[in-house]
Amino acid sequence: MKVVLSGMRPTGRMHVGHLKGVLENWVKLQENYKCYFEVADWHALTDEPTRNREVLRNTLDMVKDWLAVGIDPKKSVIFRQSLVPQHAEIHLIFSMLVSVNRLLRNPTFKEKVSELRKKKSEIKLSLNLENLSVEGEVGGIVEFIKGEDKEKGEKFLRGVIGRIKEEVLERLSFLDFDDSLIPSEISYGFLGYPVLQAADILIYKGELVPVGEDQLPHLELSREIARDFNRIYGEVFPIPEPLLTEIPKILGIDGRKMSKSYNNAIFISDTPEEITQKVKKSITDPMKIRKGDPGRPEICPIFYLHKAFNPDESYEIEENCRKGVLGCVDCKNRIAGKLISALEPYREKAGELSDDLIMDVIREGSKVARERAEETVEEVRRVLWSGS
Ligand code: TRP
């Protein structure tokens, strides 16, 4: 049986995006492969070292949902990365095989850098523009205009400042990545994130890695590391392949990407009341005000939920929404019912799983993982030092 490895950082309760994008796929894979599913708790610290405080609770909540939807500890190895310290040794050795330049080119890294730089320049900019008004320039200009309507003049001016600020930010975000300007929040560990991920995969001799498109660059790096290690020290690792999973688009109830941190998620273990409330609160097409108005399903979170949880009717719903025959209230009622019946068995199952039981599952799985990992580490040490 081929070895599958996948993992998630411990983010706590799983939402319907995780269910459709990742977990349903894992549940199927465990029938045909030797699966390792990892709680990547060290990875959770790479961008925020104080996240250690949340890791235990989030791990328990996350793994509880894994089991509730059908990940089976009898079939798959469920483990916590930090309980397999062998990963750290492999990570260290791998870190010698990757150039810093290679890591600086990693898209996830570059995104984080520009996000932080943008945030910082935003703060600086807003301070400067605030100073502008504090120092009386706004007032000065208003005086200068000498209009009767001072209030209107000031409002106008603030509008202009706002637009200048937007314009400057827009331009800043397009500045080329300059590696001399790595924000100080970014740690050495964060730069090495994909190297640690390579260790996760290769230590179990993972052959297939189910991931979404965003993780492909990381997997490419794992492949490079495996090839280089094998060439320099001796054949130890298979070259892992991505198992690209089509991740259906699911939006949060505010129209942004669904995420716990945005407070816009529908969780697998939400009660029927919570589901109904969230669906009711959800945005739809803002141009569709009344039932008769035509809607644009492609910007509506409710429509994407229909596609994922009500595929049989989603075509009809799309048509009737566009024509304006279907109103948002009806459309929402229909998806709430589907969500409630789809999620109910998972919520019930999760309710039966105690923290203690989850702890036991993780402890057992991590023991199995440790034994497997130790075998690979011994092999690595052997080929590494046999040359001396
Ligand atoms: N980087 C992955 C993510 O953010 C999590 C992860 C850690 C992972 N180690 C892995 C995924 C190994 C696949 C294989 O989603």
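Domain bounds here come from an automatic or database domain assignment. On that basis, the C-alpha centres of domain 1 and domain 3 lie 34 Å apart. Do keep in mind that this is a predicted model, in which local features need pLDDT of at least 70 and side-chain atom pairs count only at pLDDT 80 or more, while totals for chains, interfaces and linings use all residues. Residues are numbered from 1 along each chain as its sequence is written, and side-chain values use heavy atoms, with hydrogens and water left out.

**Domains and their interface**

- The assignment splits the protein into domain 1 (3-98 + 192-250 + 355-384), domain 2 (112-181) and domain 3 (270-351).
- Contact (heavy atoms within 4.5 Å) between domain 1 and domain 3 involves 11 residues from domain 1 and 10 residues from domain 3.
- About 930 Å² is buried between domain 1 and domain 3, with carbon and sulfur atoms giving 70% of it; buried area is the accessible area (1.4 Å probe) that two parts lose on being put together, summed over both.
- On the domain 1 side, V16, A68 and K249 lose the most area to domain 3, together 42% of what that side buries.

**Polar contacts with the ligand**

- Three side chains have a polar atom paired with the ligand, by the rule that a polar contact is a pair of N or O atoms within 3.5 Å; within protein, one must be able to donate a hydrogen and the other to accept it, and residues adjacent in sequence count only if both atoms are side-chain atoms.
- D200 places a polar side-chain atom 2.7 Å from a nitrogen atom of the ligand.
- For R9, the partner is an oxygen atom of the ligand, 3.1 Å from a polar side-chain atom.
- An N or O atom in the side chain of E38 is 3.3 Å from a nitrogen atom of the ligand.
- The protein buries 90% of the 360 Å² that the ligand exposes taken alone (Shrake-Rupley method with a 1.4 Å probe; for residues, only the protein chains shown count as cover).

**The shell around the ligand**

- Of the 13 residues around the ligand (a heavy atom within 4 Å), R9, Y193, Q197, D200 and Q215 come nearest.
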